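Open the structure in your viewer and keep the selection tool at hand. This tour goes from one empty space to the next.

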Amino acid sequence: VKVAGLPYRSVWRDGDRVGIIDQTRLPYEFHSLRLARVDEVAHAIRSMQVRGAPLIGAVAAHGFALAMRDNPSDRALEATAELLLHTRPTAVNLRWAIDRLTARLRPLASASRAAAAGEEAAAIADEDVAINLGIGRHGLQLIRTVAKTKGKVNILTHCNAGWLATVDYGTALAPIYLAHDEGLPVHVWVEETRPRNQGLLTTWELGSHGVPCTLITDNAGGHLMQHGKVDLVLVGADRVTAAADVCNKIGTYLKALAAKDSGVPFYAAVPTPTIDWTIRDALKEIPIEERSADEVLFVNGIDDTGSVARVRIGTENLAAANPAFDVTPARLITGIITDRGIARATRAGLANLYKQAA
Ligand code: MRU
């Protein structure tokens, strides 16, 4: 995508460093960073300077390449995999990317590892862009169908599953960008997504691209669905099981319940690497990240002087809990939009698209 007329991806190689956009400063400030070492990359993932399942995987792969440039030994290879794997627990794309790097690098002589890791990281990034375009094209069909009968299409989304959460285009937002670009009248209800307010990243992205959108509180979605103001719910995913249960940002489950009750189609946009074929019981086996209570107790914003400020909204010593993801059972989901096509949200539906893996 373009930001202020300049083409950007969410991660890129800049000489011997890795470029990222510091998402903790958006939407207030657009600021890019150059990371020189793998520990800086691990910090960027942990602190959510980069976030979103596909982007975490791609950035970790680039971090792996930095580590191999500094020390390509067997011991460093295993330590790098451990370091990166433990940065965030829920999105499976991180493990997928690290497994791919270790499988490629382990058999190589140490002198060849840095170059091979760089190639693999670049390939993961390029593939992510192609995958998201595939999701975009398949999802676009759904939007076209609604547009034919209703004219204007109102889509509700939760969290940020746009280009900032991927290398480019996004997952849930890819069909929306394509629809807007071909002139379909789309409007997006963007949920705030407390506590990290990723909805503000979504409104920033959509607004920069000229897609009409409206920010709503997390609790408003059900009400809008009951009143016929939502035609389609489109969300991303951090890990999807073979049975089509979808783990995504906390609050997704409640939107799926409301959508089911109101008869609104609910789709998850899922890149192939986000499917974890090893999970049998999503609720028991997917590790749900528990983040700091401070994310609930403090908010960032712009103060009266125009400066970025952080304020406490809870009283001192207030207890707060912060589970960051939840699981939406397949029975509440209308379909899974993948880069290979749209599957029914069932084991058989996914198996039909992924015969070998299933
Ligand atoms: O905690 P985050 O911001 O890394 O979580 C990302 C999400 O859960 C998004 O909803 C997204 O859909 C998954 S990445 C496309």
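How much space lies in the largest pocket? About 410 Å³. Keep in mind that this is a predicted model.

**Stop 1: the largest pocket**

Select Thr24, Pro195, Arg196, Asn197 and Asn300. Among the 19 residues that line the largest pocket, these five lie nearest its centre. Now colour by helix and strand. Three elements give two or more residues to this lining: α7 (199-209), α11 (294-297) and β14 (298-302). Pick out β14. With three residues, β14 gives the most to the lining of the largest pocket. Then colour the lining by class. You will find nine nonpolar, five polar and five charged residues.

**Stop 2: the cavities**

Leave the pocket and look for enclosed space. How many cavities of 30 Å³ or more does the structure hold? There are three. Begin with the largest cavity, which has a volume of about 180 Å³.

Select Arg51, Gly52, Ala53, Asn160 and Asp238. They lie nearest the centre of the largest cavity, out of 23 residues that line it. Both α2 and β11 supply at least two residues of this lining. Which of the elements gives the most to the lining of the largest cavity? Select α2: its share is three residues. By class, the lining of the largest cavity holds 10 nonpolar, eight polar and five charged residues.

**Stop 3: the ligand**

What takes up the space of the largest cavity? Show the ligand: the space it takes is that cavity. The elements that give two or more residues to the shell around the ligand are α2 (53-70) and β11 (246-249).

Now select the residues around the ligand. There are 18 of them, and Arg51, Arg88, Gln198, Asp238 and Lys249 are the closest. Two of these names are familiar: Arg51 and Asp238 are also among the residues nearest the centre of the largest cavity. Colour the shell by class, and it divides into eight nonpolar, six polar and four charged residues.

Next, check some distances from the oxygen atoms of the ligand.

- Arg51: an N or O atom of the side chain is 2.8 Å from an oxygen atom of the ligand.
- Gln198: a polar side-chain atom lies 2.8 Å from a ligand oxygen atom.
- Asn248: an N or O atom in the side chain is 2.9 Å from an oxygen atom of the ligand.

Now switch on the surface. How much of the ligand's accessible area does the protein cover? On its own the ligand has 410 Å² of accessible area, and the protein covers 100% of that.

**Stop 4: the second largest cavity**

Move on to the second largest cavity. Its volume is about 80 Å³. Select its lining residues: Pro54, Ala58, Asn93, Trp96, Ile124, Glu127, Asp128, Ile131, Pro271 and Pro273. Which elements give two or more residues to this lining? They are α2, α4 (92-105) and α5 (110-150). Highlight α5. Four residues come from α5, the largest share of the lining of the second largest cavity. Finish with the class colours: seven nonpolar, one polar and two charged residues.

**Before you close the viewer**

Select α2 once more. This helix gives two or more residues to the shell around the ligand. It also gives two or more to the lining of the second largest cavity.

Technical notes
Residues numbered from 1 in each chain as written. Predicted model: local features only at pLDDT ≥ 70, side-chain atom pairs only at ≥ 80, totals over all residues. Heavy atoms only, no water. Near = heavy atom within 4 Å. Polar contact = N/O pair within 3.5 Å; in protein donor to acceptor, adjacent residues only side chain to side chain. Areas by Shrake-Rupley, 256 points an atom, 1.4 Å probe, with all protein chains shown as cover. 1 Å grid on protein atoms, 1.4 Å probe; cavity = no way out; pocket = protein on both sides within 12 Å on 5 of 7 lines; lining within 4 Å. Sits in = over half its atoms within 2 Å of the grid points. Nonpolar A, V, L, I, M, F, W, Y, C, P; charged D, E, K, R; others polar. Points joined across faces, edges and corners; volume = space filled by probe spheres on them.
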